[in-house]
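Here are my notes on this one, as numbered points. Have a look at the model first, then read on.

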Amino acid sequence: MNTLTIEQLKTEADAMREQLVNTRRDFHMHPELAFQEVRTAGIVAQRLGELGYEVQTGVGKTGVVGLIEGNGSVGETLLLRFDMDALPIIEAVDVPFKSQNAGVMHACGHDAHTAIGLGVAELLARHRDQWGGIAKFVFQPAEEIIAGAKAMIQDGVLENPKPSRALSMHVSSMEPVGTVQMTSGPTMAAAQAFSISVTGRGAHGASPHQGRDPIATAALIINALQTVVSRNVEPLKAGVITIGAIHGGTVGNVIPDLVEMKGTIRSFESEIEVLLKKRMQAIITGIAESMECSAELTFDVNPTPATVNNPELAEMVRNNAKALVGPANVRDDRRTMGAEDCAWFLQAAPGAYVFIGAGSSDESKHVPHHSPRFVIEEDSLPIATALVTKSALDLLKK
Ligand SMILES: [Zn+2]
Ligand SMILES: [Zn+2]
């Protein structure tokens with residue numbers, strides 16, 4: 001049984017504040033896009049090596065894995081996952097540590113995640129006598145394009161040793177610093193991209209009766225698709241169908257042959273996903289047929305599953321969070337229809353994915369993730385470091 005309390009760990013994390021902030025700001029100044037995290041990965045690998053970790057680099061192109069064993073008897077292998085990539089955004093925040101990589105910005109907080117991951121790695125290494133088993137740190141590339149987790153898994157990150165539990169986290173700029181959101185069950189959605197092609201028959205815009213208009217048909221399809229969530233999904237359940245792109249035609253007086261649309265569906269439960277797909281297919285085929293066109297619906301073959309928290313682990317993290325920031329500052333109901341490829345790790349090993357408030361205490365100053373004005377409060381760094389370390393220690397009890 002480890003004896004370190006969360007208060008002690010918070011004191012240690014607070015003592016590391018300057019280092020956490022400097023590390024985060026350094027990553028912020030030098031952001032790197034998906035699968036290009038060469039500098040970031042280099043720093044991570046070097047730091048893990050200095051801390052006594054066995055380091056593997058180039059896992060899933062630019063991913064880094066660090067392994068360390070506790071001094072206690074062998075127990076769980078805990079996977080701790082932190083993402084490292086930035087976004088193709090021009091930073092609009094004027095800070096001394098503004099992005100120096102033109103057109104690339106840490107606008108989701110993965111700079112903070114990487115710094116926090118190194119902070120947790122340091123504390124676990126410092127307290128090896130307090131735990132048993134193996135801590136497997138996974139510094140993941142390319143979360144923003146939902147590709148890094150898969151690439152690391154393909155390179156064997158879930159083997160040798162195979163993790164039995166997983167922990168991960170995300171800062172949230174939309175929740176005040178000093179709060180924690182830890183939800184049992186699904187916390188982020190399953191996502192699947194789709195495309196719809198509507199084929200008609202082109203004609204002169206002045207003679208629509210000679211053609212079969214795929215644009216008018218696409219319009220009917222888009223409108224009818226809005227009824228799936230509002231009329232078919234049980235009101236207390238969640239689902240999304242979004243069409244985000246539509247292309248057809250070139251000039252105003254020609255009816256084209258083809259309209260192509262692209263979109264995404266989101267859900268927490270597989271029954272809802274099945275329902276969305278079934279209704280979409282029926283609507284698309286039925287409307288196209290009624291309009292004497294044809295339509296094809298295709299789903300991406302690589303969907304992202306929902307990010308699902310194991311209820312027991314979520315409860316453990318929540319209790320640690322309550323001890324750290326006070327029960328009133330811990331929420332258990334934060335769900336978003338955003339998707340996250342950490343889902344793959346949580347599918348392989350029961351785990352918990354926690355959100356750490358990193359926004360201003362003044363809600364009117366909150367800036368969403370992926371905004372060129374994205375900012376975080378750096379007090380979130382020691383909070384996250386203490387919370388993740390304590391939760392890791394609880395899972396790696398001697
Ligand atoms: Zn993001
Ligand atoms: Zn993110």
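1. To start with a detail: how many bridges join β1 to strand β2? The count is five, and the two strands run antiparallel, with β2 covering residues 63-69. Keep in mind throughout that this is a predicted model.

2. Staying with that pair, β1 and β2 make a hairpin with three residues between them. In the turn, G60 has a positive phi of about 65°. For the register, E54 has L67 in β2 as its bridge partner, and Q56 stands opposite V65 of β2. Those two pairs should be easy to find on your screen.

3. Now the sheet that this hairpin belongs to. It is open and has eight strands, in the order β1-β2-β4-β3-β5-β16-β6-β15, with mixed pairing. At the edges stand β1 (54-59) and β15 (330-331); each has a single partner strand, so one side of each is left without a neighbour in the sheet.

4. Two helices to look at on this sheet are α4 and α10. Helix α4 (residues 110-126) packs on it and touches β2, β3 (77-83), β4 (134-140), β5 (165-176) and β16 (351-359). The direction of α4 makes about 150° with that of β3. Helix α10 (residues 380-395) also packs on the sheet, touching β3, β4, β5, β6 (180-181) and β16; its direction makes about 155° with that of β5.

5. Then there is an open sheet of four strands, ordered β10-β12-β8-β13, with antiparallel pairing. Its edge strands are β10 (239-248) and β13 (294-299), each of which pairs on one side only. From one strand to the next, the twist averages 20°.

6. Within that four-stranded sheet, nine bridges link β10 and β12 (residues 258-267) in the antiparallel sense. If you want a residue pair to check, A245 stands opposite K262 in β12.

7. Helices pack on this sheet as well. Helix α6 (residues 214-232) touches β8 (190-199), β10 and β12, and its direction makes about 170° with that of β10. Helix α7 (residues 270-290) touches β8, β10, β12 and β13, with its direction at about 160° to that of β13.

8. On domains: the assignment for the protein chain gives domain 1 as 6-187 + 306-395 and domain 2 as 190-299. Taken over C-alpha atoms, the centres of the two domains are 38 Å apart. The contact takes five residues from domain 1 and six residues from domain 2. What sort of residues does domain 1 bring to the side that touches domain 2? Four are nonpolar and one is charged, with no polar ones.

9. Finally, the overall picture. The protein chain has 10 helices and 16 strands, and its C-alpha trace spans about 80 × 45 × 45 Å along the principal axes. Does the radius of gyration fit or contradict a compact globule? It fits: a compact globule of 398 residues would have a radius of gyration near 21 Å, and the 24 Å of the protein chain agrees with that. Buried residues make up 47% of the 398. Of the contacts between residues at least 6 apart in sequence, 82% join residues at least 24 apart.

Conventions: Residues numbered from 1 in each chain as written. Chains lettered and ligands numbered in written order. Predicted model: local features only at pLDDT ≥ 70, side-chain atom pairs only at ≥ 80, totals over all residues. Rg over C-alpha atoms; globule rule 2.2 N^0.38 Å. Buried ≥ 20, exposed ≤ 12 C-beta atoms within 10 Å, placed from the backbone. Contact = placed C-beta atoms within 7 Å. Pairing = 2+ DSSP bridges. Axes fitted to C-alpha atoms, helices over the stretch in contact; angles between N-to-C directions. Domains from an automatic or database assignment. Nonpolar A, V, L, I, M, F, W, Y, C, P; charged D, E, K, R; others polar.
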